[in-house]
Amino acid sequence: MKKKVALHNLGCKVNAYEVEAMQQLLENAGYETVPFEEGADVYVINTCTVTNIADRKSRQMLHKAKKMNPDAIVVATGCYAQADTEKLKEDTAVDLILGNNQKTQIVEALEEYEKEHAKQVQVIEINHTKEYEELSISSTAEHVRAYIKVQDGCNQFCTYCIIPFARGRVRSRKIEEVLSEVETLAAKGYKEVVLTGIHLSSYGVDCDNNLLHLIQEVHKIDGIRRIRLGSLEPKIVTEEFTGELAKLEKICPHFHLSLQSGCDDTLKRMNRKYTAKEYEEGCRLLRKYFIHPAITTDVIVGFPGETEEEFATTEAFLEKIHFYEMHIFKYSKRQGTRAAVMENQDPEEIKTKRSAKLLALSAKMSKEFREYYLGSEQEVLFEEQVPVDGTPMYVGYTKEYVKVAVQSEEKLDNVMKTGKITAAIHDDLYL
C-alpha cells in the first residue's frame, strides 16, 4: 500500500515552488499526496524564518502535524530548519531535519529514517556552498501560470533580514535547466511563467550570465505567451535593461521594485544599496519604455529610529511615485539581525498608526491605477470560473495584473481573450 504524504508550505513563492518539487520527487518514489489533515504517514513542513512570528508558525505547524498522527514521520525543511537546527534537534515533534540545499534528498532521507528510526539531521553549512540545488517541476497547482525558481541565496545583508544566513550566498541555476523546465511546462499548456528567486536581480553574478539574457532566452520558447518577473532591486532597472525588456512582447509590464523606505536616512540604516532618487529614476525608466506599467512595492514602517519626519518623507515619496499596489509591513524584530539590537525601537502603536495611513494610501492608488483601464481594450488570460456576487464568471488577469471577470457560455479556462473593460464590479475586479 502506498505511503501517504502531506505537505505544507510557509513563506514565499520560492518555498512554494520547492514544496511542489519535493511533492513530485515523493510521488515519483511511490508516495500518495494527501491533504494536510489526520491520517498521513509523513508530514513535510517547508518552514520560514523571515520573522520571529514565522519561526513560531513553523514550530506550531510541526507540532500540529505530530499531534494529528503521533506515529507519522514529521519532516522540518526550509529556512527555519536551516537557521535554528539546534532548537529543532531538541524538539520531540520533529523526526527529520532537512536544511536548505538538501531538499533533493528527501526520498533518501526518509528511507534512512525508516531503517534507523532515529532522528535524522541533514543540514550543511549553507554559507560555504556554491552549488545550486537542482529542483524542478513538471506541473503546478496554479491553473495557468508556473513559478520558476532560477536563483537562490542573497549577498545583500540588509540589517533587518536573516535570509542570507538561512539561504547562503547567491547561486544561479544553469540556463539550460531553466529552459528545459519552461519547455516542459509549455508543452503541458502553461501559457505564463514567473521567474523568481531569493534575490532575482543577482541572477548570473556567480557565472557568465545575467537576468536579461535569461529572460531573452525564455522569450524564445514556443507556447509561453507571458513572462512575469519576481521582485527586482531598483538598480537593475537601467536604460539598457528596460529598453531591451520593452522589445520583448511577452514581458508583462508588471514590476515589483522593492523599496522598504522613501527616506535616505532610513534606507542607510537598513543597508539598502540605493537612494530614493535612484529608485525614482528606475520608475521613470519603466514609464518611459512601457505604457502605464504596474509598479508594486514593499514598505516597512516603524524601522528602528524612524522619526515622524522620516515617515512623512516616505509617505510623500510613495504618493509621488504612485504605485499600483503596496505591501505594507510593520517592522518586526528578527533575532540575529543588526536591526534587532538598534536603539530607538518604535512602539507597536506607532507602527500600527503608520501602517494604517499607508494601507489607506495604497487602496486609493490601486483604485486610481485600475480606473485607467475603464473603456479600454485589454488582453486577458482567464484562469477559472468562480461565483462573483452569486453569478458564475470566468476570472483572469491583464498583463498588468488587473483582475477581470466575464460571463461566458464558452469554456475559458487557460484561454486568452481581448475585450473592452466596461465597469468596476468591486474595487479590485473589473467587468
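These legends describe close-up views of salt bridges in a predicted model.

**Figure 1. A salt bridge between Arg167 and Glu18.** The side chains of Arg167 and Glu18 pair with an N to O distance of 2.8 Å. Arg167 belongs to helix α6 (residues 163-167) and Glu18 to helix α1 (residues 13-28), so the pair ties together parts that are 149 residues apart in sequence. Arg167 is buried, with a relative accessible area of 1%. Glu18 is also buried, at 0% relative accessibility.

**Figure 2. A salt bridge within helix α4, between Glu86 and Lys89.** The N to O distance between these side chains is 3.1 Å. Glu86 and Lys89 are three residues apart in helix α4 (residues 85-89), which means that about one helical turn separates them. Glu86 counts as exposed, with 52% relative accessibility. Lys89 counts as partly exposed, with 36%.

**Figure 3. A salt bridge within helix α13, between Glu371 and Lys367.** The closest N and O atoms of Glu371 and Lys367 are 2.9 Å apart. Both residues lie in helix α13 (residues 348-371); they are four residues apart, so about one helical turn lies between them. Glu371 is partly exposed, with a relative accessible area of 34%. Lys367 is partly exposed as well, with a relative accessible area of 34%.

**Figure 4. A network of salt bridges.** Glu142, Arg145, Glu192, Arg225, Arg226, Arg228, Glu379 and Glu383 are joined into one network by salt bridges that share partners. The count for the model comes to 38 salt bridges, taking a side-chain nitrogen of Lys or Arg within 4 Å of a carboxyl oxygen of Asp or Glu as the rule.

Note on methods
Residues numbered from 1 in each chain as written. Predicted model: local features only at pLDDT ≥ 70, side-chain atom pairs only at ≥ 80, totals over all residues. Heavy atoms only, no water. Helix = DSSP H or I, 4+ residues; strand = E, 2+ residues; numbered from the N terminus. Buried < 20%, exposed > 50% of the residue type's maximum accessible area, 1.4 Å probe, protein only.
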